[in-house]
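User: Hello! Could you walk me through this model, one question at a time, and show me how you reach each answer?

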Amino acid sequence: MNSENEPGNAVSQRPTLPDSRPVTLRVNGTTHHLQLAPWTSLLDALREHLHLTGTKKGCDHGQCGACTLLVDGKRINSCLTLAVMQQDKAITTVEGLAQGYELHPVQQAFIDHDAFQCGYCTPGQICSVIGLVNEGQAKTLDDIKDLMSGNVCRCGAYANIIQVAREALERNTGL
């Protein structure tokens, strides 16, 4: 009878995961070739390997929305997806929204409506509003509130953030 530690037993022949593998990410219009551990989240790849720190790490469990960014124009929580899963997709972070010194209309609306206080959640909120417009699901104020509920603002700037989203939908200012 074989014990678990004897050679030839299935337990001793488990495959090992590679320390890293090549991953190609297209972020803000630029292609990046990286060596990443297979379990590296998109959030960690952006912050730790590409030094794009606009996307924030909040809860690291997909509950706060601070890490929201756009993949192919739709919003995702970057802490909940692996970087290897986003190859060949257009990833847009808050750093990629402005055109030179000209802010994206939603970024400008956040300033115009004073829709931030501490600013920690702001990049995720901005990307979420743009994604909300791109996804085309919000038709009413209640839809906006429901679809933005995954983005938490501890400062309580919700009324102004909702106003920005409402204005963006009215003007259809998505990417």
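User: Does Glu-167 count as buried or exposed?
Analyst: Before we start, this is a predicted model, where local features need pLDDT of at least 70, side-chain atom pairs count only at pLDDT 80 or more, and totals for chains, interfaces and linings use all residues. Residues are numbered from 1 along each chain as its sequence is written, and side-chain values use heavy atoms, leaving out hydrogens and water. The classes go by relative accessible area, with a 1.4 Å probe and protein chains only: buried is under 20%, exposed is over 50%, and partly exposed is in between. Glu-167 has 17% relative accessibility, so this residue counts as buried.

User: Which residue meets Glu-167 in a salt bridge?
Analyst: A salt bridge here needs a side-chain nitrogen of Lys or Arg within 4 Å of a carboxyl oxygen of Asp or Glu. The partner of Glu-167 sits 4 residues away in helix H5 (residues 158–171), so about one helical turn separates the two. That partner is exposed, with a relative accessible area of 59%. With 3.7 Å from N to O, the residue that meets Glu-167 is Arg-171.

User: How many salt bridges does the structure hold?
Analyst: One of them is the pair of Arg-171 and Glu-167, and another joins Lys-57 to Asp-44. Taken over the structure, the number of salt bridges is 4.

User: How far apart are the closest N and O atoms of Lys-57 and Asp-44?
Analyst: Lys-57 lies in the loop between H1 and strand S3 (68–71), while Asp-44 is in helix H1, so their salt bridge ties together parts that are 13 residues apart in sequence. (Helices, H or I with at least four residues, and strands, E with at least two, are DSSP runs numbered from the N terminus.) Lys-57 is partly exposed at 30% relative accessible area, whereas Asp-44 is buried at 18%. Their closest N and O atoms are separated by 2.7 Å.

User: Which residue is linked with Asp-44 and Lys-57 in a network of salt bridges?
Analyst: Lys-57 also meets a second aspartate in a salt bridge, at 3.7 Å from N to O. That aspartate counts as partly exposed, at 35% relative accessibility. The residue linked with Asp-44 and Lys-57 in the network is Asp-60.

User: What is the volume of the largest pocket?
Analyst: Rolling a probe the size of a water molecule over the atoms shows where empty space is left. On a 1 Å grid over the protein atoms alone, a pocket is an open set of points where a 1.4 Å probe fits, with protein on both sides within 12 Å along at least five of seven lines. Grid points are joined across faces, edges and corners, and the volume is the space filled by probe spheres set on them. For the largest pocket this comes to about 200 Å³.

User: How many residues lining the largest pocket are nonpolar?
Analyst: Lining residues have an atom within 4 Å of a point, and here they include Cys-59, Cys-64, Tyr-120, Val-152 and Arg-154. Ala, Val, Leu, Ile, Met, Phe, Trp, Tyr, Cys and Pro count as nonpolar, Asp, Glu, Lys and Arg as charged, and the others, Gly among them, as polar. Alongside 1 polar and 1 charged residue, the number of nonpolar ones is 9.

User: What is the area of the nonpolar surface patch made by Trp-39, Leu-82 and Met-85?
Analyst: Such a patch takes residues with over 30% relative accessible area and no salt bridge, joining nonpolar side chains (Val, Leu, Ile, Met, Phe, Trp, Tyr) within 5 Å. Trp-39 is found in the loop between strand S2 (30–36) and helix H1 (42–49), and at 51% relative accessibility it counts as exposed. Together, Trp-39, Leu-82 and Met-85 make a patch of about 320 Å².

User: Where is Asn-28, with its positive phi?
Analyst: Phi of Asn-28 is near 50°, a positive value in a residue other than glycine. Asn-28 is partly exposed, at 27% relative accessible area. Its place is the loop between strand S1 (21–27) and S2.

User: How far apart in space are Pro-123 and Leu-69?
Analyst: Pro-123 is in helix H3 (residues 122–135) and, at 10% relative accessibility, counts as buried. Pro-123 and Leu-69 are 54 residues apart in sequence, and from C-alpha to C-alpha their separation is 8.1 Å.

Notes
Patch = residues over 30% accessible without salt bridge, like charges linked within 9 Å, V, L, I, M, F, W, Y side chains within 5 Å. Areas by Shrake-Rupley, 256 points an atom, 1.4 Å probe, with all protein chains shown as cover.
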